[in-house]
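This briefing is meant to be read with the sequence and the model side by side. Please look over both before going through the points, which are grouped by topic.

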Amino acid sequence: MGDLMDSIMALQTTFQQVQNLTKGPGATKLIALKPLLESSSSELKKKFDQILEILQPSIRQNKKRKTLSERLKWPFQKADVEQILQLLERHKSALIFAINSDQM
């Protein structure tokens, strides 16, 4: 779970840097970044919504009595986490590349 949190925090930092650039004086020159930012934001929001659905117990599940170990069980398999990490890294790398391209 540490790798997942680290990747989410790194992507958040990248998005904050991008947000600062889009509000700065050179925002009109961000030709590569703007469309990528929109598509990345949309795809990541969908993925995070899916993750939240999995992590938040449903109303139906709350009505059932579960043991403590069942309630505390991590709902993702290793392959799921690796897939999420790859998605986050792909978007972070693409945003950094776009930032660098636009600043040349």
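What pLDDT does the chain average, and what share of the residues score at least 70? The chain averages a pLDDT of 80, and 83% of its residues score at least 70. These values belong to a predicted model, and the points below should be read with that in mind.

**Confidence in the model**

- Confidence in the chain is lowest in helix 3, residues 59-63, where the mean is 53, whereas helix 5 has the highest value, at 87.
- Where pLDDT is low, the predicted coordinates should not be read in detail.

**The chain as a whole**

- The chain holds five helices and zero strands, and reading along the sequence therefore gives the pattern α-α-α-α-α, in which each helix is a DSSP run.
- Of the 104 residues in the chain, 22% are buried.
- The chain exposes about 8000 Å², and carbon and sulfur atoms supply 56% of that area.
- When contacts between residues at least 6 apart in sequence are considered, 76% of them join residues at least 24 apart.

**Helix 5**

- Helix 5 covers residues 78-102, and because each residue should add 1.5 Å, its 25 residues should span 36 Å, which agrees with the 36 Å between its end C-alpha atoms.
- The buried residues in helix 5 are Val-81, Ile-84, Leu-85, Leu-87, Leu-88, His-91, Lys-92, Leu-95, Ala-98, Ile-99 and Asp-102.
- The cover over these buried residues of helix 5 includes helix 1, residues 2-23, and helix 2, residues 33-55.

**Helix 2**

- Helix 2 has 23 residues, which at 1.5 Å a residue should span 33 Å, and its end C-alpha atoms are 31 Å apart, which agrees.
- Buried in helix 2 are Leu-33, Leu-37, Ser-40, Leu-44 and Ile-51, and what covers them includes helix 1 and helix 5.
- Leu-37 is found in helix 2 and counts as buried because its relative accessibility is 18%, which is under the 20% cut-off.
- Apart from neighbours within four places in sequence, Leu-37 is in contact with Phe-15, Val-18, Thr-22 and Leu-95.
- One of these partners, Phe-15, is 22 residues from Leu-37 in sequence, and the two C-alpha atoms are 8.5 Å apart in space.

**The nonpolar core**

- The largest nonpolar core has 17 residues, and those with the most contacts inside it are Leu-4, Leu-33, Ile-84 and Leu-88.
- Helix 1, helix 2 and helix 5 are the elements that give two or more residues to this core, and helix 5 gives the most, with eight residues.
- In soluble globular proteins, nonpolar side chains tend to be buried together.
- Leu-33, once its neighbours within four places in sequence are left aside, is in contact with Val-18, Leu-95, Ala-98, Ile-99 and Asp-102.

**A polar pair: His-91 and Ser-40**

- His-91 is found in helix 5, while Ser-40 lies in helix 2.
- Is His-91 buried or exposed? His-91 is buried, because its relative accessible area is 6%, and Ser-40 likewise counts as buried, because its relative accessibility is 1%.
- The side chains of His-91 and Ser-40 make a polar contact with each other, at 2.8 Å.
- Leaving aside neighbours within four places in sequence, His-91 is in contact with Leu-11, Ser-40, Glu-43 and Leu-44.
- On the same basis, not counting residues up to four places away, Ser-40 touches Phe-15, His-91 and Leu-95.

**Ser-7 in helix 1**

- Ser-7 lies in helix 1 and, not counting residues up to four places away in sequence, touches Leu-85 and Leu-88, both of which are among the buried residues of helix 5.
- Which distance separates the C-alpha atoms of Ser-7 and Leu-87, 80 residues apart along the chain? The C-alpha atoms of Ser-7 and Leu-87 are separated by 9.9 Å.

Definitions and conventions. Residues are numbered from 1 along each chain as its sequence is written. Side-chain values use heavy atoms; hydrogens and water are left out. Helices (H or I, at least four residues) and strands (E, at least two) are DSSP runs, numbered from the N terminus. The expected span of a helix is 1.5 Å times one less than its number of residues. Buried means under 20% relative accessible area, exposed over 50%, partly exposed in between (1.4 Å probe, protein chains only). Contact means heavy atoms within 4.5 Å. A polar contact is a pair of N or O atoms within 3.5 Å; within protein, one must be able to donate a hydrogen and the other to accept it, and residues adjacent in sequence count only if both atoms are side-chain atoms. A nonpolar core is a set of buried Ala, Val, Leu, Ile, Met, Phe, Trp, Tyr and Cys residues joined through side-chain atoms within 4.5 Å. Accessible areas come from the Shrake-Rupley method with a 1.4 Å probe; for residues, only the protein chains shown count as cover. pLDDT is the predictor's confidence in each residue, from 0 to 100.
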